[in-house]
Amino acid sequence: MKKQIYLSAILALGLGLTACNDDFLERAPQTELTEENAFQSYENFKAFAWPLYEMFTNTMFGTAVNGTGQGSCYSADVNAGWLYSRGQHLTGNSYAMGRITSVASGNGWDFSGGLRRANILLSHIDGSNMTQEEKDHWRAVGYFFHSYWYAELINRFGDVPWVDTPLTDESENRFAPREDRIAVADRVLERLQWAEQHIGTYDDGTPTINQDCVQALISRFTLREATWRKYHELDQSGIQTYLNECVRVSEELMAKYPNLYYGTEDAPGTGYNEVWTTESLDGVPGIILFIQYNGEGDTRYHNFSALEHMDSGNIEMSQDMVDLYLCSDGQTISNSPLYEGDKTPYATFRNRDPRLYYVVMPPYRVNAKAATADDSRTWEYTDNPDDRYYIDLLGANITCSNPGEGMKRLPAQNWTAQLVPSVPNFMDGVGATGFVRGYSGYYCWKGWSSWEQNMNGGITLNTSDKPIFKIEEVLLNYAEAKWELGQFDQAVADKSINLLRDRVGVARMVVSEINNSFDPNRGKWYPKSLGDKVSWEKGEDLDPVLWEIRRERIVELMGEGFGFYDVRRWRMAPWFLNRQHRGMWAQQSMFNSNSANQFFMDNSGNPVTVTGTQTEGYLYLEADPIAAGQGWQERYYLYQIPTTEILLNPALTQNPGWEDAE
């Protein structure tokens, strides 16, 4: 029951359909299609439906997997403050620091594209020559993609017009007003529930959307909508229904997918990593739907790993998010006796949740060495055992050849086999290379694999598959929904969170041990009464168990595009975004002289330029957003309706706070 998507199966949008795509045309009509003959048979509908799968690569969606991580799913986690983009360094253009200005068009206000195609498909089902079972199947597929699109519209804008027919210049509803969010969401859920019960089990030659995928979307959508309504203080009447639905479908999926992928190697956490970097996800435990890249044609490649090997890679993590990772004993850095502090990179990474070093490249150092006729190794170990710890743990990249082997290997290299002799590799650090570098010291390499071939100069040859729906997310949805229902206990933790911890070798969650002192620095939420701009410290303390459930979600799904959805539905954006982001603790000796772009902290807690008297401290990545009079505002939780759309359709109203935006 594992699924895969062949992205080269792309037809032209709209009804100007002609045959294309070598892989699938032997199964699709070979003649020119018109509206009169395109929607008669099961095969007609299958051919028309293929482009709907492009929704999973459409960067309107935060979880999109579209060529590069930093151009798709990483971006949503940057917006959430979970990750950091090197291009933002000291420029004040993070989501909290930037001045979010008025938009005339775009912003995701889109009722065309995939939504229109889904509506066209749905509008022709009844007039086709298919059997009733076949009609039900394609209606279910259409409902799935229509709902997938609407879930995004609701999340961005709240109240939205309901469009369930193909819009034309003559359509009466092309100037429809926005409908209440709750009513639209309820309609989406009804459609997904219908699709769950009526989708077929047809063999289309390539596994595609089926009941498991519909249930995975229900699990995601119901949790997202229920918690949005709760924490944004909307009508509370339907919340329990949504949470119960999340639990129901999640439990059914958990029964169908009882195992996690542990990987093909012995080191802890390899399965966590390889779900994102393995060559093929076909048959991998826990994978519900994935995108297959197999190198056959231009649409079968991506460049996740390519960019992370180059100077174009610009995704990092801040110290605050590194601090979020537990120690291997399941305790926070505030309480664990295993935590060795953060005054050296080795201390920071030691005894931590392995998911940290599978997302952030861990520290190491080697000596560069010229190759000889009898030894092709381009480096050798230092005399310090700390320098080689993560090389030994992840596997040594012996020759720095291109391509290499295995998943993540150290020392790092670029695609012309140039060596990165040490990490952290600061932008203006002593001995820095021009690639695999950054400002924080925490360079992200979630998409990095050593086996994938590539070339410098933007030529992409990466073919590792990428997940769309997987059981790990479902486990986290289930755990959170059970807490919101007041039903989270040790048994629930063992069925969900502790399965994730077992895979990476982190001690299991013991619910009875989690109290207010478990993490004194836990996150906060921010009710409307606090106003538009608030300091990250001034929110209301979260329940300590709920915070641990959310921590697990953040860590497990880091880099997969869930961040901006989560911090907004939890109403926690100020906690993540209104703080002054900082990098690791570093010494002046790590940098070249007169290093103007690296900032430490003085005795008053203010960032200062490196000077002769300031020899070490945290590296600051941006100014304090609150002190700068910026920061997250309440209106940012919902996107602005583009001003042009309101001019074209006077029936539309603007979202709160955006009415007079400049």
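**Strands and helices in a predicted model**

Colleague: Happy to look at this with you! In what order do the three strands of the open sheet stand?

Modeller: This is a predicted model, where local features need pLDDT of at least 70, side-chain atom pairs count only at pLDDT 80 or more, and totals for chains, interfaces and linings use all residues. Residues are numbered from 1 along each chain as its sequence is written, and side-chain values use heavy atoms, leaving out hydrogens and water. Strands (DSSP E runs of at least two residues, numbered from the N terminus) pair if DSSP finds at least two bridges between them. Here the pairing is antiparallel, and the order is β6-β5-β7.

Colleague: Thanks! Which strands stand at the edges?

Modeller: Each edge strand has a single partner strand, so one side of each is left without a neighbour in the sheet. They are β6 (379-381) and β7 (422-423).

Colleague: And which residue stands opposite Arg365 in β7?

Modeller: Strand β5 (residues 364-368) and β7 run antiparallel, joined by two bridges. Opposite Arg365 stands Ser422.

Colleague: Is strand β14 largely enclosed or left open, and why?

Modeller: Strand β14 covers residues 616-620. Four of its five residues are buried (under 20% relative accessible area with a 1.4 Å probe, protein chains only). Strand β14 is therefore largely enclosed by the rest of the structure.

Colleague: Lovely. Which residue in β14 is the bridge partner of Arg582?

Modeller: Strand β11 (residues 582-587) pairs with β14 in the antiparallel sense, over four bridges. The partner of Arg582 is Tyr620.

Technical notes: Buried means under 20% relative accessible area, exposed over 50%, partly exposed in between (1.4 Å probe, protein chains only).
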